[in-house]
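Trainee: I should like to learn how to read the features of a model such as this one. May we begin with its surface and then move inward?

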Amino acid sequence: MDRIDRLGRGAGYGAALMLTPYLLIKVSWVVGALLGLLPTGSGLGLVQWVVLNAATIGMAAIGITLALALVRPWGLRIPAPPLVFCGWVAAGFLVSMLPYALLRSLWQSPGPSNAADGHGSGGATAPDWEDALIQLSFVGMGVGLAVALPAYLRRRWPHAFTGRLGDGARSGGEERGRLVWWRWMLLAGPAVGLVWLYWAAGGTSGLSHPGDRDSNWRMLDLVFGLWAFIGSAAIWVAASGRPAPLPRGLPMTLGCLGSGALFAWSAWMLPFTAYAAVAGRTAGSVMPENLAVAAVLHGAAVLAGATMLRSLLRTYARLAGSV
């Protein structure tokens, strides 16, 4: 076991431990709401509150199981498709948000948080200690995954995460065909990212309620926009094999994070967009974006992220076949 493996194993255990408070808090919210001991939040009724938080309980349980799978021997025996998908989504949710957590700590602004955490207008708010534990769980899990997941992938699929981009022979015809595909595919991620960066910079086109923007909303758009560009660029580099001296693990890892961020967060936001379209302002579910624009944008991000993952898997298959 080398140094990277030792770090990865410690980070995996730490990630599972850090996410546990979030899981317990969400369980207490659901049980308390069902018993009538705790109010619901974000303008949601009892059924919506329980369903939403039950979903996050399931996600947290999967996240803890994933973190343990990255370090325990049985994790190497899990079939690749579910493990890759869960790791990709979890990294897209949490690792990609570490820059946002840093920015938020440096430039904190009052305003509603994500409805999944029970904050927002028109409903109950969590006490400060509870909110701090939730944020600490997110950050701790994100940091742990940022170390444990690449170490696991490197251990299980070394062809994709070790060596340099120039390693392995490719035919000229294969290279040209792949680059034609990537010139087209590369447009999807940056196109979505440009919209987010435009809003982060203060643009108002596509917004129905510009006055409802706050600094947290702008920071999220900035982070998502940057990840869209980083992920697309990384996947281009991994597929083209240039620059040849670059360590292969860097673009593969950044491509995984960027595509996962596009897919995970937009897939999460699509149901909220649909709910806002039905409930409107009366339920405290207002969003700054025009709902039709938001639906198209998040749908495009989901498709772009999924296509980018497919391309990473194709790149891995090519690399494994060249050995």
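Mentor: We may. The protein exposes about 14,800 Å², of which carbon and sulfur atoms supply 72%; accessible areas come from the Shrake-Rupley method with a 1.4 Å probe, and for residues only the protein chains shown count as cover. This is a predicted model, in which local features need pLDDT of at least 70 and side-chain atom pairs count only at pLDDT 80 or more, while totals for chains, interfaces and linings use all residues. Residues are numbered from 1 along each chain as its sequence is written, and side-chain values use heavy atoms, with hydrogens and water left out.

Trainee: How many helices and strands are there in the protein?

Mentor: Helices (H or I, at least four residues) and strands (E, at least two) are DSSP runs numbered from the N terminus. The protein has 11 helices and 0 strands.

Trainee: What percentage of the residues count as buried?

Mentor: Buried means under 20% relative accessible area, exposed over 50%, and partly exposed in between (1.4 Å probe, protein chains only). Of the 323 residues, 46% count as buried. Leu37 counts as exposed because its relative accessibility is 64%; Leu37 lies in the loop between α1 (3-34) and α2 (46-69).

Trainee: Which residues form a nonpolar patch on the surface with Leu37?

Mentor: Patches are made of residues with over 30% relative accessible area and no salt bridge (a side-chain nitrogen of Lys or Arg within 4 Å of a carboxyl oxygen of Asp or Glu). Like charges are joined within 9 Å, and nonpolar side chains (Val, Leu, Ile, Met, Phe, Trp, Tyr) within 5 Å. Here Val27, Val31, Leu35 and Leu38 join Leu37, and together the patch has about 460 Å² of accessible area.

Trainee: How many residues does helix α3 have, and what should they span?

Mentor: The expected span of a helix is 1.5 Å times one less than its number of residues. Helix α3 (residues 80-94) has 15 residues and should span 21 Å, which agrees with the 21 Å between its end C-alpha atoms. Buried residues in α3 include Leu83, Gly87, Trp88 and Phe93.

Trainee: Is Gly92 of α3 buried or exposed, and which residues does Gly92 touch?

Mentor: Gly92 is buried because its relative accessible area is 0%. Contact means heavy atoms within 4.5 Å. Not counting residues up to four places away in sequence, Gly92 touches Leu257, Gly260, Ala261, Ala264 and Trp265. The C-alpha atoms of Gly92 and Ser259 are 7.2 Å apart, although 167 residues separate the two in sequence.

Trainee: Which residues touch the most other members of the largest nonpolar core?

Mentor: A nonpolar core is a set of buried Ala, Val, Leu, Ile, Met, Phe, Trp, Tyr and Cys residues joined through side-chain atoms within 4.5 Å. The largest one has 70 residues, and Leu70, Phe93, Met141, Leu145, Trp196 and Leu262 touch the most other members. Trp196 is among the buried residues of α8. Beyond four places in sequence, the contacts of Trp196 include Asp221, Phe224, Leu262 and Ser266.

Trainee: Where does Ser266 lie, and what is Ser266 in contact with?

Mentor: Ser266 lies in helix α10 (residues 249-279) and counts as buried because its relative accessibility is 2%. Leaving aside neighbours within four places in sequence, Ser266 is in contact with Trp196, Ala261, His298, Ala301 and Val302.
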